[in-house]
Amino acid sequence: TTTLEVISKTRVILQGYVKGCAASSIETGCYHRISHQSQFTNTKMIFGLFLPSNYNNHVNANTPVLFWLSGLTCDDTNFAMKAGSRAFDIAEQHGIAIIMPDTSPRSDDNNDVPNVDSYDMGVGAGFYINATEEPYKKHYHMYDYITKELPGILANNLNIGKDGAKSITGHSMGGHGALSIALREGKYCWKSTSAFSPICNPTECPWGKKAFEGYLGSLDAGEAHDATCLILKGEHSYDDILIDQGTADNFLEEQLKAEVLVDAAKKTGQKLSVNMREGF
């Protein structure tokens, strides 16, 4: 198991509340911020975790979990601050946990994580891939962090998300991460995938081109992490993929390119339920 430190704990669900639980321990009905040393980013990482009131940390228990991946400039707290009250309420009703990872490694007492003076590269913009290029390749391994390390921590430390009982979603860069990870690994690893305003074709948009060339060295290498390219290859499919996208989004045409993903899905027969939200 991995050593976990509870940084903070906020009660968000009153049901099943038991007084007297230590501040340093995890607790049902609470939103936690938890830190640990990552073997993949080689830094201290922090993730958010909501636990429903029916959670039981027993070897024979298995609480399903939803992974939320945030977008550019975000950290582990954004989702909890902006959507937590509603999201945690729904998760409580369905008896599922929600994990909210950071979007990149960050400098700590022992590591100076490379960064650039730009919101769309470096800290806060890990793009959920494993960097192969200097100066990023030592720390920027967010793909393995999301797909290997965190599922292992949840399963082995907390009896959460075992045997594939996990789904993945996200917003913008996080939507790209959710779709590309699920399409690469398949429904036996991720029961479902969805996204809010995802970057749908990153090899063909400025954000994605900058990230793939900087982290991976080429756009060709980025195709393995492009949801549109992955759907066209047809290696993995889902019964349905849900996407919500606002029609008034300033980034829709240049960066997000939802219509390209829709066309790819039509060509391959992948069902895609796209809700275009007028005025958002």
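Is Glu-27 buried or exposed? Select Glu-27 in this predicted model: its relative accessibility is 10%, so Glu-27 counts as buried.

**Stop 1: Lys-9 and Glu-27**

Add Lys-9 to the selection and display both side chains. They form a salt bridge, with an N to O distance of 3.1 Å. The two residues come from distant parts of the chain: Lys-9 belongs to strand S1 (residues 5-11), while Glu-27 sits in the loop between S1 and strand S2 (30-37), 18 residues apart. In contrast to the buried Glu-27, Lys-9 has 23% relative accessibility and therefore counts as partly exposed. The structure holds 10 salt bridges, and two further pairs follow.

**Stop 2: Asp-239 and Lys-187**

Select Asp-239 and Lys-187 next, whose side chains meet in a salt bridge at 3.9 Å, N to O. Asp-239 is located in the loop between helix H6 (227-233) and strand S8 (241-246), and Lys-187 in the loop between helix H3 (173-185) and strand S7 (194-196), so this pair ties together parts 52 residues apart in sequence. Asp-239 counts as exposed because its relative accessibility is 67%. Lys-187, at 36%, counts as partly exposed.

**Stop 3: Asp-240 and Lys-271**

Move on to Asp-240, which forms a salt bridge with Lys-271 through their side chains (4.0 Å, N to O). The loop between H6 and S8 holds Asp-240, and the loop between helix H8 (258-268) and strand S9 (272-277) holds Lys-271, so the bridge ties together parts that are 31 residues apart in sequence. Asp-240 has a relative accessible area of 30% and is partly exposed; Lys-271, with 49% relative accessibility, also counts as partly exposed. To close the survey of charged pairs, add Arg-11 to the residues of the opening stop: salt bridges with shared partners join Lys-9, Arg-11 and Glu-27 into one network.

**Stop 4: Ser-197**

Select Ser-197, in the loop between S7 and helix H4 (206-215). Its relative accessibility is 11%, so Ser-197 counts as buried. Beyond its neighbours within four places in sequence, Ser-197 is in contact with His-171, Ser-172, Asp-244, Gln-245, Gly-246, Asp-249 and Leu-256.

**Stop 5: Met-142**

Which helix contains Met-142? Met-142 is found in H2, which spans residues 142-158. At 0% relative accessibility, Met-142 counts as buried. Display its surroundings: leaving out residues up to four places away in sequence, Met-142 touches Thr-41, Met-45, Asp-102, Thr-103, Ser-104, Pro-105, Gly-126, Tyr-128, Ile-129 and Asn-130. A distance monitor can then be drawn from Met-142 to Ser-180; the two are 38 residues apart in sequence, and their C-alpha atoms are 13 Å apart in space.

**Stop 6: The nonpolar cores**

Which residues touch the most other members of the largest nonpolar core? Select Leu-49, Phe-67, Phe-127, Ile-146, Ile-168 and Tyr-215, which have that role in a core of 61 residues. H2 contributes the most to this core, with 8 residues.

Centre the view on Tyr-215. Not counting residues up to four places away in sequence, its contacts are Met-121, Gly-122, Ala-125, Gly-126, Phe-127, Ile-129, Ala-131, Thr-132, Glu-133, Tyr-136 and Tyr-140. For the final selection, choose Tyr-31, Phe-88, Ile-98 and Met-100, which are among the 11 residues of a second, separate core.

Methods: Residues numbered from 1 in each chain as written. Predicted model: local features only at pLDDT ≥ 70, side-chain atom pairs only at ≥ 80, totals over all residues. Heavy atoms only, no water. Helix = DSSP H or I, 4+ residues; strand = E, 2+ residues; numbered from the N terminus. Buried < 20%, exposed > 50% of the residue type's maximum accessible area, 1.4 Å probe, protein only. Contact = heavy atoms within 4.5 Å. Core = buried A, V, L, I, M, F, W, Y, C linked by side-chain atoms within 4.5 Å.
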